[in-house]
Amino acid sequence: MIIVEFSDEREFLTHCLRKIKEISDKSIQVQNSFRIVLTGGDTAKLLYSQLKYLETDWSKWYFYFGDERCVSMDHPDSNALMADKSLFEFTPIRKEQIFRIPGHLGAEQAAFEYANSIRTIISFDLVLLGLGEDGHIASLFPGCDLSTDKDVLTVHDSPKLPKERVSLSLKRMNLSDNILIITKGRNKTEIIRRIKLGEKLPVTSLLPKKTLELYYFSG
């Protein structure tokens with residue numbers, strides 16, 4: 001894992017956008033499409049508010065989600081709603097380009113439907129992930145079984161509310177070409193230190209096919 005630390009928010013965002021553009025441009029050039037997995041959280045919301053200005057062929061982008069909370073579609077905790085309000089509403093993206101996790105249906109049904117929607121995708125081009133203070137990624141928390149062969153997991157006992165969630169599995173994330181972890185805040189200093197020490201955590205279990213980078217703005 002390559003860890004890049006920033007002391008300036010603008011520089012942090014610039015590097016995030018540059019990385020996304022680099023991968024998206026190459027994917028569109030090679031395969032005429034770009035498949036990106038979105039993450040939730042305040043850092044992602046900040047990034048998406050700038051991503052909407054990216055100069056790109058939005059018709060070639062396809063959006064997926066790394067996890068979702070089992071809440072109503074209009075609930076403020078919904079990752080899909082956040083992406084709608086900060087990104088999708090400002091770009092010429094068609095609804096057919098967005099593959100949501102239907103968390104409002106409950107964990108079991110949502111996981112079943114989302115697994116079917118990604119069944120034919122061999123690999124995502126880029127997975128964006130946030131980072132919890134405990135080292136969790138998406139809705140994979142320390143102590144959970146990371147060895148499953150499933151693509152999509154149900155979570156019924158999340159240590160963070162809401163307890164019911166749906167998440168991509170570690171196996172599915174590691175099938176992706178590139179992973180970019182984005183995080184900010186002084187409260188993340190300790191987990192960054194633990195990652196550097198190589199502690200066994202969900203985040204240190206990531207191993208995509210091409211690149212794995214973590215961008216951290218200490219804020």
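The following paragraphs go through the salt bridges, one helix, two buried strand residues and two pockets of a predicted model.

Salt bridges come first. The count in this model comes to 11. One of them joins the side chains of Glu-5 and Lys-196, with 2.5 Å from N to O. This pair links distant parts of the chain, since Glu-5 belongs to strand S1 (residues 2-6) and Lys-196 to helix H6 (residues 189-196), 191 residues apart. Glu-5 has a relative accessibility of 44% and therefore counts as partly exposed. Lys-196, at 53%, counts as exposed, because the limit for that class is over 50%.

Another salt bridge is formed by Arg-100 and Asp-84, whose closest N and O atoms are 3.1 Å apart. Arg-100 sits in the loop between helix H3 (79-86) and helix H4 (107-117), while Asp-84 is in helix H3, so the pair ties together parts that are 16 residues apart in sequence. On the Arg-100 side, the relative accessibility is 35%, which counts as partly exposed. Asp-84 is buried, with a relative accessible area of 17%; the cut-off for buried is under 20%.

A further salt bridge brings together the side chains of Asp-151 and Lys-171, at 3.2 Å from N to O. Here too the pair links distant parts of the chain: Asp-151 is in the loop between strand S5 (126-129) and strand S6 (152-155), Lys-171 is in helix H5 (residues 170-174), and their positions lie 20 residues apart in the numbering. Asp-151 is partly exposed at 23% relative accessibility, and Lys-171 is partly exposed with a relative accessible area of 32%. A network of salt bridges links Asp-151, Lys-171 and Arg-172.

Helix H6, which carries Lys-196, also has a buried side. Its buried residues are Ile-191, Ile-192 and Ile-195. Viewed down the axis of H6, these buried residues fall within an arc of 105°, so they line one face of the helix. The elements that cover them include S1, strand S8 (178-184) and strand S9 (211-217). S1 is also the strand that holds Glu-5, the salt-bridge partner of Lys-196. After H6 comes Gly-198, with a positive phi near 80°.

Strand S8 contains Ile-182. At 2% relative accessibility, Ile-182 counts as buried. Its C-alpha atom is separated by 6.0 Å from that of Leu-214, although the two residues are 32 apart along the chain. Leaving aside neighbours within four places in sequence, the contacts of Ile-182 include Phe-12, Cys-16, Leu-47, Leu-129, Leu-131 and Tyr-215. Thr-39, Thr-43, Ala-44 and Gly-130 are also among the residues in contact with Ile-182.

A second buried residue is Arg-165, in strand S7 (residues 165-168). Arg-165 counts as buried at 3% relative accessibility. The C-alpha atoms of Arg-165 and Ile-101 are separated by 9.8 Å, with their positions 64 residues apart along the chain. Not counting residues up to four places away in sequence, Arg-165 touches residues that include the acidic pair Asp-67 and Glu-68, as well as Arg-69, Cys-70 and Lys-160. Leu-153, Thr-154 and Val-155 are also among the residues that Arg-165 touches.

Pockets come next. Rolling a probe the size of a water molecule over the atoms shows where empty space is left. The largest pocket holds about 740 Å³ of space. Its lining has 33 residues, and Gly-40, Gly-41, Asp-42, Arg-69 and Lys-160 lie nearest its centre. Helix H2 (42-51), strand S4 (67-69), H3 and S8 are the elements that give two or more residues to this lining. By residue class, the lining of the largest pocket divides into nine nonpolar, 12 polar and 12 charged. Arg-69 and Lys-160 are among the contacts of Arg-165 as well.

The second largest pocket has a volume of about 290 Å³. It is lined by 18 residues, with Cys-144, Asp-145, Leu-153, Thr-154 and Val-155 nearest its centre. H4 and S6 each supply at least two residues of this lining, and S6 gives the most, with four residues. The lining of the second largest pocket divides into nine nonpolar, five polar and four charged residues.

Technical notes
Residues are numbered from 1 along each chain as its sequence is written. This is a predicted model: local features need pLDDT of at least 70, side-chain atom pairs count only at pLDDT 80 or more; totals for chains, interfaces and linings use all residues. Side-chain values use heavy atoms; hydrogens and water are left out. A salt bridge is a side-chain nitrogen of Lys or Arg within 4 Å of a carboxyl oxygen of Asp or Glu. Buried means under 20% relative accessible area, exposed over 50%, partly exposed in between (1.4 Å probe, protein chains only). The arc is that of the directions from the helix axis to the C-beta atoms. Contact means heavy atoms within 4.5 Å. On a 1 Å grid over the protein atoms alone, a cavity is a set of points where a 1.4 Å probe fits but cannot get out, and a pocket is an open set with protein on both sides within 12 Å along at least five of seven lines; lining residues have an atom within 4 Å of a point. Grid points are joined across faces, edges and corners, and a volume is the space filled by probe spheres set on the points. Ala, Val, Leu, Ile, Met, Phe, Trp, Tyr, Cys and Pro count as nonpolar, Asp, Glu, Lys and Arg as charged, and the others, Gly among them, as polar.
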